[in-house]
Amino acid sequence: MKTCVAIRHVAFEDLGSFQAPIAAAGYSIRTVEAGLDDFAALDDAAIDLLVILGGPIGAYEDDNYPFLGPELALIGSRLRAGRPTIGICLGAQLMARALGARVYPNGGVKEIGWSALDLTEAGRNSPLGVLDGVPVLHWHGDTFDLPDGAVLLASTAITRNQAFSWGKAALGLQFHVEATGAGLERWFIGHAAEIGGVPGLTVPKLRVETANCAAGLEALAPQVLGAFLSDMM
């Protein structure tokens, strides 16, 4: 059986709507906990699909989170080898950094909530094409420069580099395609301090947006994943 490893940085930011279609595609799923599990002990060659999930830390906070060094080494080695990799939010930032790009605060602006992407021509012809005009979840205060050799797939007015591909086997997504309506109730608790620190942002407002938008994204996320897996074959 093929193996998928999901790197999780905080318990409630999980595979979400990717979980079932990854399993249905014939992968056994193993979750690796950042800060607890040893990245150096992983056999990268035995991982058929790596999914690097989100989290509330900065991809540049090595002093606070020493596990970032081994995690970046794993990601960089994997990308150079052309092994299938998806990064979501923090995961995309770590991919960008592993490819030599800069990751940094997005001008003091936090992009939190639901809005549609502006897909590039390459994005419309990528696995993200099904998301054209569809609101997706944004939850970040950092951004990254586009790595050398990467192809820009999507932007928003606040964040230019919302998605990129690097070769055929790597997809970095600054936004959250995997988010589910039910799962976000845990985010509203876990990210309470961050929500409270953004003027005009409240849990009730996010809950209303989620009720209006989550079901549509949940229906399309498996198609995004399926198209990515198909493109690798």
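Okay, before anything else, one term: a residue counts as buried when its relative accessible area is under 20%, as exposed when that value is over 50%, and as partly exposed in between. Keep that in mind, and keep in mind too that what we're looking at is a predicted model.

Let's start with helix α5, residues 181–190. Which of its residues are buried? They are G181, G183, L184, W187 and F188. Now, these residues cover an arc of only 155° around the axis, and that puts them on the same side of α5. Turn to the other side of the helix and you find A182 and I189, which are exposed. So what does the buried side pack against? Four elements: the strands β6 (111–116) and β8 (135–140), plus the helices α6 (192–196) and α7 (203–231).

Stay around α5 for a moment, and let's talk about holes. The structure holds one cavity of 30 Å³ or more. About 60 Å³ of space lies in the largest cavity. Look at its lining and you'll meet some names from a minute ago: G183, L184 and W187 are among the lining residues, along with F12, D14, G16, E178, A179, T180 and R186. If you sort that lining by class, you get four nonpolar, three polar and three charged residues.

Next up, helix α3, residues 90–98. Here seven of the nine residues are buried, so the helix is largely enclosed by the rest of the structure. If you want to click through them, they are L90, G91, A92, Q93, L94, M95 and A96. Have a look at both ends of this helix, too. In the loop between β4 (85–88) and α3 sits C89. Its phi is near 55°, a positive value in a residue other than glycine. Is C89 buried or exposed? With a relative accessible area of 3%, C89 falls under the 20% cut-off, so we call it buried. Then, just after α3, G100 takes a positive phi of about 95°.

On to the nonpolar cores. The largest one has 48 residues. Those with the most contacts inside it are F18, I22, L49, L128, L131, F175 and V177. Which element gives the most to this core? That's α7, with ten residues. There's also a second, separate core of 29 residues, including L42, L50, L68 and A150.

Let me pick out L49 from the largest core. If we leave aside its neighbours within four places in sequence, L49 is in contact with T3, C4, V5, I22, Y27, R78, P84, I86, F228 and L229. Now step back one residue, to D48, in the loop between β2 (27–33) and β3 (49–52). D48 has a relative accessible area of 31%, so it counts as partly exposed. Leaving aside neighbours within four places again, D48 is in contact with K2, T3, Y27, R78 and P84. And how far is D48 from M1? They're 47 residues apart along the chain, but their C-alpha atoms are separated by 9.6 Å.

You can do a similar exercise on α7, where Q223 has its place. Q223 is partly exposed, at a relative accessible area of 42%. Its C-alpha atom is separated by 9.5 Å from that of L131, and those two are 92 residues apart along the chain.

Last topic: pockets. About 300 Å³ of space lies in the largest pocket. It has 21 lining residues, and the closest to its centre are P56, K110, H140, G141 and E194. Our helix α3 shows up again here, since α3 and β8 each supply at least two residues of that lining. By class, the lining has eight nonpolar, nine polar and four charged residues.

The second largest pocket holds about 180 Å³ of space. Among the residues lining this second pocket are A122, N125, S126, P127, L153 and F228. Here β12 (170–173) and α7 each supply at least two lining residues. The class split for this one is six nonpolar, four polar and two charged.

That's my tour. If you open the model yourself, start with α5: find W187 on the buried side, then look for I189, exposed on the other side.

Technical notes:
Residues are numbered from 1 along each chain as its sequence is written. This is a predicted model: local features need pLDDT of at least 70, side-chain atom pairs count only at pLDDT 80 or more; totals for chains, interfaces and linings use all residues. Side-chain values use heavy atoms; hydrogens and water are left out. Buried means under 20% relative accessible area, exposed over 50%, partly exposed in between (1.4 Å probe, protein chains only). The arc is that of the directions from the helix axis to the C-beta atoms. Contact means heavy atoms within 4.5 Å. A nonpolar core is a set of buried Ala, Val, Leu, Ile, Met, Phe, Trp, Tyr and Cys residues joined through side-chain atoms within 4.5 Å. On a 1 Å grid over the protein atoms alone, a cavity is a set of points where a 1.4 Å probe fits but cannot get out, and a pocket is an open set with protein on both sides within 12 Å along at least five of seven lines; lining residues have an atom within 4 Å of a point. Grid points are joined across faces, edges and corners, and a volume is the space filled by probe spheres set on the points. Ala, Val, Leu, Ile, Met, Phe, Trp, Tyr, Cys and Pro count as nonpolar, Asp, Glu, Lys and Arg as charged, and the others, Gly among them, as polar.
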